Amino acid sequence: AEAWRITLTERSLRRWGFFGSFFELLLDVKLWIYQVYFMYEYLAGNTNTGFFDVEIMLYKMLPLWFFITIIVAFIVLFAIELVVPSLTAGAIIGLAAKSYNKQPLKGGFILALYNFFPILALHEIFVLSGFSTMVTAASVSFRYSDNLGPILVVVIVILWGLSNFFKFFYNFAEEAVVIDKLGIYGAGAKSIKLVMSNLKHMVFLLMLMLIISIRIVLNAFALLIIPCIVVGIGLLLTSVVTPVVSYIVASCIGLVLIVVASYFFAYLHVFKQTVWTITYIELKRERELDKVD
């Protein structure tokens, strides 16, 4: 209840949440658009699709200067999409902790920058825990590994499960980095200790926070619907206008849909992060089980 109150009343937190949700969703949608294209080509019987087919098609259709501009913008945007979640996590955790402790909500940008590299390292450790990342890795392995493709897909799914299992015990690592200024190893050790010491509380909290499951379902729904809408509109408009115009229109519509979805996901993203931040603060106040008088 306190986390939801903070989410509704603190606009600066929601701005950071929207910023992170937008770029995170944008990256996931682009990954899924590629997967929709590969699936379409595979079902159509074209098993020779390459990872850069879209770029090659744009190179043939567009003037060279326009193609170079698009590719450079795409690379820059991809780099931004990779770093933004790590930036926003530090700001959201720090500002949520300040709000809970009745402190002025200042220094969001400093919190984001100061904690960027440790949180980025934690995100990279569990990079395979994301569903979109797992599907992309499995798709690439299946298409480019010949007879070993199905085996590699099974291995990647197993690694995805193990990554999420260990990520559960690192649940408070980001909070330890931001609030207690610990390094990634110290934060990981503190998180494991807190989770194992309060396992019943953790499981009970997860059961109560059904909103997390709702967010995952909504996010998966958006990741399936938005790429299908973009690809469908692009293919439909090619029969009326030139392919370049149709792709531009489809991209603009997809961008609007991502902005709308990110606005709603910002509330859920901030709420979930604030719940774990408050939980970390409260569990720290409990007596540590390994201390003996």
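Reader: What is the relative accessible area of D180, and is D180 exposed or partly exposed?

Author: The values here come from a predicted model. Partly exposed covers the range between under 20% and over 50%. D180 falls in that range and counts as partly exposed, with a relative accessible area of 27%.

Reader: Which side chain meets that of D180 in a salt bridge?

Author: A salt bridge needs a Lys or Arg nitrogen within 4 Å of a carboxyl oxygen of Asp or Glu. For D180 the N to O distance is 2.8 Å. The partner is partly exposed at 31% relative accessible area. That partner is K284.

Reader: How many residues apart are D180 and K284?

Author: The side chains of D180 and K284 meet in a salt bridge. This pair links distant parts of the chain, with D180 in helix α9 and K284 in helix α13 (residues 243-284). The separation is 104 residues.

Reader: Which helix holds both R5 and E2?

Author: R5 and E2 form a salt bridge through their side chains, at 2.7 Å from N to O. They are 3 residues apart, so about one helical turn separates them. Both lie in helix α1 (residues 2-9).

Reader: What is the relative accessibility of R5?

Author: E2, the salt-bridge partner of R5, is partly exposed at 27%. R5 also counts as partly exposed, because its value lies between the limits of 20% and 50%. For R5 the value is 33%.

Reader: Is R285 exposed or buried?

Author: R285 and E282 meet in a salt bridge of 2.9 Å, N to O. E282 is partly exposed, with a relative accessible area of 29%. The cut-off for exposed is over 50%. R285 has 55% relative accessibility and therefore counts as exposed.

Reader: How many salt bridges does the count come to?

Author: One of them joins R5 and E2. Another joins D180 and K284, and R285 and E282 also form one. The count comes to 3.

Reader: What is the phi of K102?

Author: Most residues other than glycine have a negative phi. K102 is not a glycine, yet its phi is positive. K102 sits in the loop between α4 (64-100) and α5 (108-114), and is exposed at 64% relative accessible area. Its phi is near 60 degrees.

Reader: Where is K181, a residue with a positive phi although it is not a glycine?

Author: The phi of K181 is about 55 degrees. K181 is partly exposed, with a relative accessible area of 45%. It lies in the loop between α9 (173-180) and α10 (184-197).

How values were computed:
Residues numbered from 1 in each chain as written. Predicted model: local features only at pLDDT ≥ 70, side-chain atom pairs only at ≥ 80, totals over all residues. Heavy atoms only, no water. Helix = DSSP H or I, 4+ residues; strand = E, 2+ residues; numbered from the N terminus. Buried < 20%, exposed > 50% of the residue type's maximum accessible area, 1.4 Å probe, protein only.
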